[in-house]
Amino acid sequence: MTITITAFERSPDGGRGLARDTRVRWALEEVGQPYKVRLVSFRAMKEPAHLAVHPFGQIPTYEEGDLALFETGAIVLHIAQRHAGLLPEDANARARAVTWMFASVNTVEPPILDLQNALFLEGDKPWHAERLPLVKDRIRGRLNQLSVRLGDADWLDGAFSAGDLMMASVLLRLRASGILDEYRNLAAYVARAEARPAYKRAFEAQLAVNTGKPSSG
Ligand SMILES: N[C@@H](CCC(=O)N[C@@H](CS)C(=O)NCC(=O)O)C(=O)O
């Protein structure tokens, strides 16, 4: 059955891999599933046809036969449950990998999103300069804890899993701020994730949409 995802017709990051279709593309590449992409404009995302699939008018979405999904955590979990390669066989290890997926979007991503909001939506507010260090320190609080847990391991819990895919996807959005590089092991963790052939194919595919150059993958 054909898998179709949605992505920005023109991504605000110009194709640097920060739009969230990248994590879905990456998961599909890891498990070797081909997919199609429907590109949507910002206007089309808020129109009824797209809202019928994504109630919040966002990307990415995932369609496969009668199934329509939104929310990257749910989409990646669905892919990982349907196809081998992203979740361990052992039931407890599998549950821990899913725990890391939730931790990425529920515990680590919120303070990172808060920084994006502070930078892009609140720059003109009189309290912006005072609030910014607080927002950054809340991210550091989370990264300190994550860094301690990761230690010198390659991945969060044994072999690479959907938990790492989601966590690295969340963390790489921090790179431009410089905060990620304050944590040697987390920066290396993200670099390790980005070095995976499946990530590279996903990155190139979304970059090609934004540069108009065909993907080499
Ligand atoms: N929690 C959602 C967030 C989706 C999201 O924020 N998508 C962004 C692109 S990365 C978007 O569509 N932004 C445009 C908008 O919200 O209008 C997920 O993980 O799928």
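Student: Okay, diving right in: in S4, which residue is the bridge partner of Tyr62?
Tutor: Tyr62 has Leu69 as its bridge partner in S4. Before we go on, this is a predicted model, where local features need pLDDT of at least 70, side-chain atom pairs count only at pLDDT 80 or more, and totals for chains, interfaces and linings use all residues. Residues are numbered from 1 along each chain as its sequence is written.

Student: And what do you call a strand here?
Tutor: Strands are DSSP runs of E with at least two residues, while helices are runs of H or I with at least four, and both are numbered from the N terminus. Two strands pair if DSSP finds at least two bridges between them.

Student: Got it. How many bridges pair S3 and S4?
Tutor: There are 4, and the pairing of S3 with strand S4 (residues 67-70) is antiparallel. Another bridge partner in S4 is Phe70, which goes with Thr61.

Student: What sits between those two strands?
Tutor: The hairpin of S3 and S4 has 2 residues between the strands, and Gly65 there takes a positive phi near 60°.

Student: What about S1, which way does it run relative to S3?
Tutor: Strand S1 (residues 3-8) and strand S3 (residues 61-64) run antiparallel, joined by 3 bridges. Ile3 stands opposite Glu64 in S3, and Thr4 has Glu63 as its bridge partner in S3.

Student: And S1 with S2, parallel or antiparallel?
Tutor: Parallel, with 5 bridges joining S1 to S2. Thr6, for example, has Arg38 as its bridge partner in S2.

Student: In what order do the strands line up in the sheet?
Tutor: The order is S2-S1-S3-S4, in an open sheet of 4 strands with mixed pairing. Strand S2 (36-40) and S4 are the edge strands, each pairing on one side only. From one strand to the next, the twist averages 20°, with angles running from 0 to 180 degrees between N-to-C directions of axes fitted to C-alpha atoms.

Student: Switching topic: how is the chain divided into domains?
Tutor: Domain 1 is 3-85 + 198-211 and domain 2 is 91-196, with bounds from an automatic or database domain assignment. Their centres, taken over C-alpha atoms, are 21 Å apart.

Student: How many residues are in contact across the two domains?
Tutor: 13 residues of domain 1 are in contact with 13 residues of domain 2, where contact puts the C-beta atoms, placed from the backbone, within 7 Å.

Student: Which helices supply the domain 1 side?
Tutor: Helix H1 (21-30), helix H4 (72-82) and helix H9 (197-211) each supply at least two residues of the side that touches domain 2. H1 gives the most, with 5 residues.

Student: Is there a ligand, and what surrounds the ligand?
Tutor: The ligand is surrounded by Ala19, Arg20, Gly57, Gln58, Ile59, Glu71 and Thr72; a residue counts as near if its C-beta atom, placed from the backbone, lies within 6 Å.

Student: Last one: which residues does UniProt list for "domain: GST N-terminal"?
Tutor: The UniProt record, an unreviewed entry, lists residues 8-87, and such annotations may be inferred rather than shown by experiment. That span is 36% helix and 18% strand, and its end C-alpha atoms lie 28 Å apart.
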